[in-house]
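Biologist: Hello! Could you walk me through this structure, one question at a time?
Modeller: Gladly. Let us look at it together.

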Amino acid sequence: MSVIGFIGLGTMGAPMARNLLKAGHELRVFDVTADACVALAAEGATAAGTAVEAAQGADFVITMLPNDAIVSRVMLGNDGLIERLSARPLLIDCSTISPDTSRRIARAAAEKGLRTIDAPVSGGPRGAADGTLSFMVGGAGEDFAQAEPVLKNMGRMIVHAGDSGAGQVAKLCNNMTVAVVMAATAEALALGISQGLDPETLSGIMAGSTAGSFVLDRWNPWPGVMPEAPASHDYAGGFQLGLMLKDLNLAVANARDAGASVPFGALAQSMYMLQARRGQDAPRADFSSIQKLFTRPA
Ligand code: NAD
């Protein structure tokens, strides 16, 4: 069993940390929200006062933070982990951030003799709680091999995608595709239903035909078709539209940096932005609420 520093105990980080505790690892946790540390400490973790304190002396340091700016602040600079750590843990960043930032952090770490991998996840809060996340990993092969047993305590599919940043690229490709497929499915459902087709019948036809997808199998955006789907619960739960928009913004920026053309991704970015601006709660609703762009107001 290993000593693990875990930084960022939010929607995803807290249940991931809990699974590491259950697997028997010694955990030192830090979050700027003290209550998050208190909850994990009650379950056997040691609450640290700073990120450096959580990470110092650990075998692995896992970060699960909101965005590029915060990950950079925690890792880089005079007070960052890379400058302050005297021991040499493997740094595993599970946050979704830009591939460029991941690569910059990996280079800064390497200059100090530290190893890093980017390991963003798919599977949402339920996957984090059940320990069934998918991890897409960028970094050196031997660092992937060292991290894999730890990641297995939190996930089901652990894939080495390539060098530093490749995990982030894979994550952005995945989420850009899901965003586009969700929007396209919502558009088609609205077209058929506007002409009198029954939502369940149309969904069934498409799911069993060539339009079949994860969206029609598990995440139907039309209310009432799937009792379990967020659409049937006023788009509550699920994966927030605001987080999907964050991933689309990263994907489009990454395409620009890579000189690649992503017309569907860019269109999806604009559409999700439009929906996000339609009301105070819109960014927090599940991303399948993009359906509302295609339906007439009641
Ligand atoms: P969250 O906002 O719920 O949690 C982030 C946590 O980081 C918070 O508890 C916050 O207090 C803490 N934090 C912020 N600044 C900090 C700092 N400087 N030091 C220590 N802790 C700090 O976010 P989340 O939903 O858990 O997402 C985390 C990451 O995972 C994001 O990059 C997100 O894009 C990605 N992600 C989220 C989901 C999801 O469904 N929520 C799914 C896949 C990937």
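**Around the ligand and into the core**

Modeller: This is a predicted model. The residues of the shell around the ligand comprise 14 nonpolar, seven polar and three charged ones.

Biologist: Which residues come nearest to the ligand?
Modeller: The shell around the ligand has 24 residues. Helices H4 (68-75), H7 (124-130) and H12 (241-258) each supply at least two residues of this shell. Those that come nearest to the ligand are Thr11, Met12, Asp31, Leu65 and Lys246.

Biologist: Which residue has a polar side-chain atom 2.9 Å from an oxygen atom of the ligand?
Modeller: Let us start with the backbone. A backbone N or O atom of Gly10 lies 3.4 Å from a ligand oxygen atom, and one of Pro66 lies 3.3 Å from a ligand oxygen atom. The residue that places a polar side-chain atom at 2.9 Å is Thr11.

Biologist: What percentage of the ligand's accessible area does the protein cover?
Modeller: On its own, the ligand has 830 Å² of accessible area. The share of this that the protein covers is 85%.

Biologist: Now for the protein interior. Which helix supplies the largest share of the largest nonpolar core?
Modeller: That core has 34 residues, and Phe6, Met16, Ile92 and Phe135 touch the most other members. Strands E1 (3-7) and E2 (26-30) and helices H1 (13-22) and H2 (34-41) are among the elements that each supply at least two of its residues. The largest share, five residues, comes from H1.

Biologist: Which residues is Met16 in contact with, leaving aside its neighbours within four places in sequence?
Modeller: Contact here means heavy atoms within 4.5 Å. With those neighbours set aside, the partners of Met16 are Phe6, Met64, Cys94, Val121, Ala128, Leu133, Phe135 and Met154.

Biologist: How many residues does the other core have?
Modeller: This core lies apart from the largest one, and its members include Ala51, Val74, Met75 and Leu85. Its residue count is 22.

Biologist: Let us finish with Asn175. Why does Asn175 count as buried?
Modeller: Asn175 lies in helix H9 (residues 166-193). Leaving aside neighbours within four places in sequence, Asn175 is in contact with Phe239, Met244 and Asp247. Buried means under 20% relative accessible area. Asn175 counts as buried because its relative accessibility is 6%.

Biologist: Which residue's side chain does the side chain of Asn175 join in a polar contact of 3.0 Å?
Modeller: We stay in helix H9, where Asn175 lies. The polar contact of 3.0 Å links the side chain of Asn175 to that of Asn174.

Key
Residues are numbered from 1 along each chain as its sequence is written. This is a predicted model: local features need pLDDT of at least 70, side-chain atom pairs count only at pLDDT 80 or more; totals for chains, interfaces and linings use all residues. Side-chain values use heavy atoms; hydrogens and water are left out. A nonpolar core is a set of buried Ala, Val, Leu, Ile, Met, Phe, Trp, Tyr and Cys residues joined through side-chain atoms within 4.5 Å. Buried means under 20% relative accessible area, exposed over 50%, partly exposed in between (1.4 Å probe, protein chains only). Helices (H or I, at least four residues) and strands (E, at least two) are DSSP runs, numbered from the N terminus. A residue is near a molecule or strand if one of its heavy atoms lies within 4 Å of it. A polar contact is a pair of N or O atoms within 3.5 Å; within protein, one must be able to donate a hydrogen and the other to accept it, and residues adjacent in sequence count only if both atoms are side-chain atoms. Accessible areas come from the Shrake-Rupley method with a 1.4 Å probe; for residues, only the protein chains shown count as cover. Ala, Val, Leu, Ile, Met, Phe, Trp, Tyr, Cys and Pro count as nonpolar, Asp, Glu, Lys and Arg as charged, and the others, Gly among them, as polar.
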